[in-house]
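The following exercises are to be worked through with the sequence and the structure in view. Each task is followed by a solution in steps.

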Number of protein chains: 2
Amino acid sequence: MDTPGPSDLHDAVRRRLAEDDVRYTGGRKAIVAALGTAGGPQSAADLHRLVAGVPLSSLYRSLTVLDEAGVLKRNHDADGLARFELAEWLGGHHHHITCVECGAVEDVRLEGEEERLLAAVIQAMGDRTGYIVRDHELELEGACPSCRS
Amino acid sequence: MDTPGPSDLHDAVRRRLAEDDVRYTGGRKAIVAALGTAGGPQSAADLHRLVAGVPLSSLYRSLTVLDEAGVLKRNHDADGLARFELAEWLGGHHHHITCVECGAVEDVRLEGEEERLLAAVIQAMGDRTGYIVRDHELELEGACPSCRS
DNA sequence: TTCCTTGCAAACGATTTGCATTGGA
DNA sequence: TCCAATGCAAATCGTTTGCAAGGAA
């Protein structure tokens, strides 16, 4: 794939932000770093914990800026809570699986053949509805390995 | 399939609620009726419009009761707004496609072969993560027929 | 100096809840 | 009669915003 490694991630983001005359400040860099190592989308509360010393309002403001710049993507989990992850061009294409017990959300990447099967299904859905499909997301839920008792 | 038709819908719901000593009142029946004819998940605001004369607080309370009884399912759209639809055993298994322009959410039902392909992909995802998959949802987004200019 | 960014506090909007009242079986 | 259901108002909670102060180019 051509998603930037951890070392290039910040450069890529900095360049993207520069085009919008937006500064890549310490707080923003810390958010991107946290999302770069997380194994799934993080809520604002998660990030507030991971990125110490940044007030919630500033955190939300940075998240908005990064979202609008296309650096990250905003999702909503089963409870409607906002969760953030790196945009696809930075973090790669993947799907999500949620544990109904503990609420954890984990990234799942598909193999070529699997994504190909999925593409066929999506094509059929687009044809049937007359939509021009722009994006897709396959969300699974179940019991994670550590939660099945 | 064996999903109840419009005439049997209310009987099925009434029986389900009776098991929990919950009454199937006029307001609740109106909600179920509205969801039964809607072509996609409806927000509380939508339902407040569709079900005239019911205050929002009562509406939310009914939605909670119906949700807990397994009569309906609560989703969240791209903006994090709660949207409600009949549970799968009442409304049938389907997926969603959202228009990025107008925000409409539409149900899409898959053909047997398509759902079979999807099942293979889901199986692979479950195997890879070690989850016991309980449910899945394929969400598409794109431009709906009337929104592409 | 010029703007973007930050922090705090106040505002917002969707959803929930306390409490007294109503109504169905 | 009894307990669930309702309506209103007030409370919650995640998220956004106004405004004045701070900071990088």
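## Exercise 1: The surroundings of DNA strand C

DNA strand C is surrounded by 18 residues, the closest being A:Arg23, A:Arg28, A:Arg61, B:Tyr60 and B:Arg61. The model is a predicted one.

**Task.** Determine which parts of DNA strand C come within 4 Å of the protein, which polar atoms lie by its phosphate oxygens, and which helix gives the most to the surface near this strand.

**Solution.**

*Step 1.* Consider the atoms of DNA strand C within 4 Å of the protein: 58% belong to sugar or phosphate, and the rest belong to bases.

*Step 2.* Examine the phosphate oxygens. A backbone N or O atom of A:Arg23 lies 2.8 Å from a phosphate oxygen of DNA strand C. For A:Thr25, a polar side-chain atom is 2.9 Å from a phosphate oxygen of this strand. For A:Arg28, a polar side-chain atom is 2.3 Å from a phosphate oxygen of this strand.

*Step 3.* Assign the surface to elements. Helix 4 of chain A and helix 4 of chain B are the elements that give two or more residues to the surface near DNA strand C. Helix 4 of chain A gives the most, with four residues.

*Step 4.* Sort the residues by class. The surface near DNA strand C has six nonpolar, five polar and seven charged residues.

## Exercise 2: The surroundings of DNA strand D

**Task.** Carry out the corresponding analysis for DNA strand D: which residues are the closest to it, and which element supplies the largest share of the surface near it?

**Solution.**

*Step 1.* DNA strand D is surrounded by 17 residues, and the closest are A:Tyr60, A:Arg61, B:Arg23, B:Arg28 and B:Arg61. Of the atoms of DNA strand D that come within 4 Å of the protein, sugar and phosphate account for 63%.

*Step 2.* Turn to the phosphate oxygens of DNA strand D. One is 2.8 Å from a polar backbone atom of B:Arg23. A polar side-chain atom of B:Thr25 lies 3.1 Å from a phosphate oxygen. In B:Ser58, an N or O atom of the side chain is 3.0 Å from a phosphate oxygen.

*Step 3.* Helix 4 of chain A and helix 4 (56-68) of chain B each supply at least two residues of the surface near DNA strand D. The largest share, four residues, comes from helix 4 of chain B.

*Step 4.* By class, the residues of this surface divide into six nonpolar, five polar and six charged.

## Exercise 3: A residue of helix 4

**Task.** Decide whether A:Leu59 is buried or exposed, and state which residues are in contact with it.

**Solution.**

*Step 1.* A:Leu59 has its place in helix 4 (residues 56-68) of chain A.

*Step 2.* The relative accessible area of A:Leu59 is 1%. A residue counts as buried under 20%, so A:Leu59 is buried.

*Step 3.* Neighbours within four places in sequence are left aside; A:Leu59 is then in contact with A:Ile31, A:Ala44, A:Leu47, A:His48 and A:Val54.

## Exercise 4: The largest nonpolar core

**Task.** Identify which members of the largest nonpolar core touch the most other members, and which elements supply at least two residues of this core.

**Solution.**

*Step 1.* The core has 24 residues, of which A:Leu118, A:Met125, A:Leu138, B:Leu118, B:Met125 and B:Leu138 touch the most other members.

*Step 2.* In chain A, strand 4 (95-99), helix 6 (112-129) and strand 6 (132-143) each supply at least two residues of this core, as do strand 4 (95-99), helix 6 (112-129) and strand 6 (132-143) of chain B.

*Step 3.* Take A:Met125 as an example. Apart from neighbours within four places in sequence, A:Met125 is in contact with B:His95, B:Val108, B:Leu110, B:Leu138 and B:Leu140.

## Exercise 5: Cysteines

**Task.** Explain why A:Cys144 is not bonded to the closest cysteine sulfur.

**Solution.**

*Step 1.* The closest cysteine sulfur to that of A:Cys144 is in A:Cys99, at 3.7 Å.

*Step 2.* A disulfide requires sulfur atoms within 2.5 Å; the distance to A:Cys99 is therefore too far for a bond.

*Step 3.* B:Cys144 is likewise in no disulfide, and the nearest cysteine sulfur, that of B:Cys147, is 3.7 Å away. Over all chains, the structure holds zero disulfides.

Conventions: Residues are numbered from 1 along each chain as its sequence is written. Chains are lettered from A and ligands numbered from 1 in the order in which they are written. This is a predicted model: local features need pLDDT of at least 70, side-chain atom pairs count only at pLDDT 80 or more; totals for chains, interfaces and linings use all residues. Side-chain values use heavy atoms; hydrogens and water are left out. A nonpolar core is a set of buried Ala, Val, Leu, Ile, Met, Phe, Trp, Tyr and Cys residues joined through side-chain atoms within 4.5 Å. Buried means under 20% relative accessible area, exposed over 50%, partly exposed in between (1.4 Å probe, protein chains only). Contact means heavy atoms within 4.5 Å. A residue is near a molecule or strand if one of its heavy atoms lies within 4 Å of it. A polar contact is a pair of N or O atoms within 3.5 Å; within protein, one must be able to donate a hydrogen and the other to accept it, and residues adjacent in sequence count only if both atoms are side-chain atoms. Ala, Val, Leu, Ile, Met, Phe, Trp, Tyr, Cys and Pro count as nonpolar, Asp, Glu, Lys and Arg as charged, and the others, Gly among them, as polar.
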